[in-house]
Amino acid sequence: MKSQINNTEASFLKAAIFGLSIIVLITYTGCNPNNPNPNCSSTNTVFNRLYNNHLANNSNYQNVNSVDLEIHSYTFNVSTAKTICQIGYQSNTAVTSPYTIRIRNLANNQIIYTGSFTFSSTQTSYVNVGAIALQAGVNYKIERELTFQGSLANLTGRIIRDNSAAGPVSFPINNGVLTITSSSFSGMGGPIVDYYLPYIDIVFQ
């Protein structure tokens with residue numbers, strides 16, 4: 001009887017140690033549903049620095065919410081292979097429906113990513129997009145699309161534009177590995193090419 005009790009206690013102890021080991025492993029490998037990729041940080045991103053630097057270095061540019069067209073987009077490339085893990089955007093305050101985010105490889109015009117998301121209207125918020133591989137030197141286009149739903153004002157988004165709204169933004173714009181070569185706005189009008197830069201943040205891991 002004593003031997004049977006000892007065996008039961010030993011089995012329980014082994015099971016407890018195994019369970020504790022699993023918990024520790026999950027904690028230290030970052031398996032958290034709210035942070036599936038610990039190497040993906042939206043703090044001070046390459047795009048965010050590019051956008052803010054371009055504003056700071058050009059006194060005739062302003063950061064505004066404007067352009068009442070369905071699709072806001074820019075074309076970009078990277079100097080070394082990169083992986084996009086999150087995308088950031090700030091919703092128009094009147095919008096409750098999701099935005100479509102789409103990335104195209106312009107070398108073959110293939111859509112390499114599409115997703116539908118809602119974003120915060122008070123600040124830039126970020127969504128996880130898995131791992132989108134980018135090749136060095138290839139041009140890609142990222143698009144933010146919102147279908148017209150009765151009010152053109154709802155289609156506006158955060159952009160850089162000339163103070164007078166009459167002159168174009170100067171492209172290309174570069175920061176580190178990221179170069180933005182052009183922009184385009186279309187849908188319910190347009191296209192308007194290279195006049196504005198939309199704030200659509202791409203986060204590299």
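So, M188 sits in the loop between strand 10 and strand 11. Strands here are DSSP runs of E with at least two residues, helices are runs of H or I with at least four, and both are numbered from the N terminus. Before I go on: this is a predicted model, where local features need pLDDT of at least 70 and side-chain atom pairs count only at pLDDT 80 or more, while totals for chains, interfaces and linings use all residues. Residues are numbered from 1 along each chain as its sequence is written, and side-chain values use heavy atoms, with hydrogens and water left out.

Back to M188. Its phi is near 65 degrees, a positive value in a residue other than glycine. M188 also joins F148 and L152 in a nonpolar patch on the surface, and together they have about 260 Å² of accessible area. A patch takes residues with over 30% relative accessible area and no salt bridge, joining nonpolar side chains (Val, Leu, Ile, Met, Phe, Trp, Tyr) within 5 Å and like charges within 9 Å. The salt bridge in that rule is a side-chain nitrogen of Lys or Arg within 4 Å of a carboxyl oxygen of Asp or Glu. Areas come from the Shrake-Rupley method with a 1.4 Å probe, and for residues only the protein chains shown count as cover.

L152 belongs to the loop between strand 7 (140-145) and strand 8. Is it buried or exposed? In between: L152 is partly exposed, at 36% relative accessible area. For these words, buried is under 20%, exposed is over 50%, and partly exposed lies between them (1.4 Å probe, protein chains only).

The loop with M188 has something else in it. P191 is also between strand 10 (178-186) and strand 11 (192-193), and the peptide bond joining G190 and P191 is cis, with omega about 5 degrees. There's a cis bond from F171 to P172 too, with omega near 5 degrees; P172 is in the loop between strand 8 and strand 9 (173-175).

A bit further on, D194 lies in the loop between strand 11 and strand 12. D194 has a positive phi near 65 degrees, and it isn't a glycine. It counts as partly exposed, at 24% relative accessibility.

Now the strands themselves. How many residues of strand 2 (71-78) are buried? Eight of the eight, so strand 2 is largely enclosed by the rest of the structure. Both faces are covered: I71, S73, T75 and N77 are buried on one side, and H72, Y74, F76 and V78 on the other. Strand 2 runs antiparallel to strand 10, with eight bridges between them, and H72 stands opposite F185 there. With strand 7 there are six bridges, again antiparallel, and F76 has Y140 as its bridge partner. Pairing here means DSSP finds at least two bridges between two strands.

There's also an open sheet of three strands, in the order 1-8-12, with antiparallel pairing. Strand 1 (61-66) and strand 12 (197-198) are at the edges with a single partner strand each, so one side of each has no neighbour in the sheet. Strand 8 (157-162) and strand 12 pair over two bridges, and I160 stands opposite L197.

Last stop, A81, in the loop between strand 2 and strand 3 (82-89). A81 is exposed, at 58% relative accessible area. A81 and L134 are 53 residues apart in sequence, yet 5.6 Å apart in space, C-alpha to C-alpha.
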